[in-house]
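Work through the following exercises with the model open in a viewer. Each task is followed by a solution that goes step by step.

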Amino acid sequence: MARQIKLNQIGNYMQDQVLQLVRATTLEWEARVKVQTPVETGRLRNAWESQVQGFTGEVTNNVEYAEPVCYGTTRGGSLPPSWKDELGNPEYKTRQNTVPGFPDLIGKELESWAQQQYRKILKNT
């Protein structure tokens, strides 16, 4: 049975539910990206942070080689020294078989998850 809410309380109820969904999605993204982040020293994995303000969630990493490691490119900086071959050329490699662009893949998975959660909220309203 659907939850009964007074008409004048629907707006507040939905706002609270969506704010909880934004927070849950942001924290889930942070947890998943940490698990999939390649580890050599642990610095990159431990630097992930999340922040939620209102209807916006953000997951960031301030390590200088975060973008190159996460996306397999040198456009955002250089790969860590341990990710270079014997000639000093960048070489994307991980022991965890991480694929370049894994943060975006996590985002796509979570988009579907968040939509399912939102449908549950609507169903229970």
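A salt bridge is taken here as a side-chain nitrogen of Lys or Arg within 4 Å of a carboxyl oxygen of Asp or Glu. This is a predicted model, in which local features need pLDDT of at least 70 and side-chain atom pairs count only at pLDDT 80 or more, while totals for chains, interfaces and linings use all residues. Residues are numbered from 1 along each chain as its sequence is written, and side-chain values use heavy atoms, with hydrogens and water left out.

**Exercise 1. Salt bridges**

Task: Find which residue forms a salt bridge with K34, and state how far apart the closest N and O atoms are.

Solution: The partner of K34 is E30, and the closest N and O atoms of this salt bridge are 3.3 Å apart. Both residues lie in helix α1, 4 residues apart, about one turn of the helix (helices are DSSP runs of H or I with at least four residues, strands are runs of E with at least two, and both are numbered from the N terminus). For accessibility, buried means under 20% relative accessible area, exposed over 50%, and partly exposed in between, with a 1.4 Å probe and protein chains only. E30 is buried at 12%, whereas K34 is partly exposed at 28%.

Task: Determine which residues are joined into one network by salt bridges that share partners.

Solution: Begin with R32, which forms a salt bridge with E28 at 2.9 Å between the closest N and O atoms; these two residues are 4 residues apart in helix α1 and therefore separated by about one helical turn. Next, E109 forms a salt bridge with R32, with the closest N and O atoms 3.2 Å apart. Because E109 lies in helix α4 and R32 in helix α1, this pair ties together parts that are 77 residues apart in sequence. The shared partners thus join E28, R32 and E109 into one network. As to accessibility, R32 is partly exposed at 25%, E28 is partly exposed at 30%, and E109 is partly exposed at 42%.

**Exercise 2. Helix α1**

Task: Compare the expected span of helix α1 with the distance between its end C-alpha atoms.

Solution: The expected span of a helix is 1.5 Å times one less than its number of residues. For the 27 residues of helix α1 (residues 10-36) this gives 39 Å, and the end C-alpha atoms are 39 Å apart, which agrees. The buried residues of α1, among them Y13, L21, W29 and V33, pack against β1 (49-53), β2 (56-60) and α4 (102-123), where contact means heavy atoms within 4.5 Å.

**Exercise 3. The largest nonpolar core**

Task: List the residues of the largest nonpolar core, and identify which element gives the largest share.

Solution: A nonpolar core is a set of buried Ala, Val, Leu, Ile, Met, Phe, Trp, Tyr and Cys residues joined through side-chain atoms within 4.5 Å. The largest one has 7 residues, namely W29, V33, W48, C70, F102, I106 and L110. The elements that give two or more residues to this core are α1 and α4, and the largest share, 3 residues, comes from α4. L110 touches T25, E28, W29 and R32, not counting residues up to four places away in sequence. A second, separate core of 6 residues includes L44, Y65, A66 and V69.
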